[in-house]
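Here is a short note on the strands in this model. Please keep the sequence and the structure in view while reading the points.

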Amino acid sequence: MRSWCTLSALSALLMGAAGTARAGYTITKTTPYPGVTHAVYADASQPLVIHVVTVDVSSQEIFLSSTLTADRGQTVTDWATCKRGTSGCTPSDVAINGDLFAPAGYVPSGLAIGGAKPWPDAAMDNATEGWFAFGRPGDVNAVQLSPPADVAMPDAALTVEGAVGGRALLVQGGTAMSSYDADDPTQPFQSAPRSAVGVDANGVTMYLVAVDGDQASSAGMTAEELADFMASLGVSDALELDGGGSTTLYIAGEKGVVNSPSDGVERPVAN
């Protein structure tokens, strides 16, 4: 069985099990696909709900993909289910929203590559945004995460098939960042819905995180709080994706959107 994990506009105790984590979290985990785990961290005293999908990218049964330039401007669900019907579209098992973007034309703020082709109107790498990229050299998944400070394209050896930009840098070398740009449009010092992508030190595990926010059931997190949380999971490097009403995590095997988008409905996103 092939599992497609995707980064849309960018795919966890055992089923039914629950436990209590440090910091007061109650954790429920499921395994919707081999090599894919979905954990829900909940703390009613905050209140706070966090969804974490971990993906074993070392598995040859898992394929990664990101949005083609022609597929921009869809909700995560529509993109994951190929609703637009773009030729060659493969439905995705897991999908999360991607980069910040300009609403006019759904132009990503940073690097965007889909189907091994860079988006013609998206930015090249710059000192504001970093990126998460992936390829499949030798039929084995390879991932790379670049912080905003490193202005460089993905390694040629990666044979890049897809990339998604993001800001701000949350974790680097296992250390949570504690300094953020006050002018960052992600409003780092405000509790809000947030999305992020991360990798472990060996590039074997990918983390997709969606924090619910701006609602009675979950207040959201600041960027620093999210960074601390991801570092506590063992994430080596992590980059924030678009947040707010764009925050959407889709798992086909769990009946679609698993988090609670703050707009009450899914928002069309770029990639």
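1. A residue is called buried when its relative accessible area is under 20%, and exposed when it is over 50%. The model is a predicted one. With that cut-off, seven of the nine residues of strand β5 (residues 48–56) are buried, so this strand is mostly covered.

2. Which strand does β4 join, and by how many bridges? Strand β4 (residues 36–43) is joined to β5 by eight bridges, and the two run antiparallel. They make a hairpin, with four residues between β4 and β5. One facing pair to look for is Ala42, which stands opposite Val49 in β5.

3. Strand β5 also pairs with strand β18 (residues 205–211), in the antiparallel sense and over seven bridges. Here Val55 has Met206 in β18 as its bridge partner.

4. In a regular strand, side chains alternate between the two faces of the sheet. Please keep this in mind when following a strand by eye.

5. Further along the chain, please trace an open sheet of five strands with antiparallel pairing. Its order is β11-β10-β14-β12-β13. The edge strands are β11 (117–118) and β13 (142–146), each of which pairs on one side only.

6. How many bridges link β10 and β11? Strand β10 (residues 112–114) pairs with β11 over two bridges, in the antiparallel sense. Two bridges are enough for the two strands to count as paired, because the rule asks for at least two. Within this pairing, Gly114 stands opposite Lys117 in β11.

Key:
Residues are numbered from 1 along each chain as its sequence is written. This is a predicted model: local features need pLDDT of at least 70, side-chain atom pairs count only at pLDDT 80 or more; totals for chains, interfaces and linings use all residues. Side-chain values use heavy atoms; hydrogens and water are left out. Buried means under 20% relative accessible area, exposed over 50%, partly exposed in between (1.4 Å probe, protein chains only).
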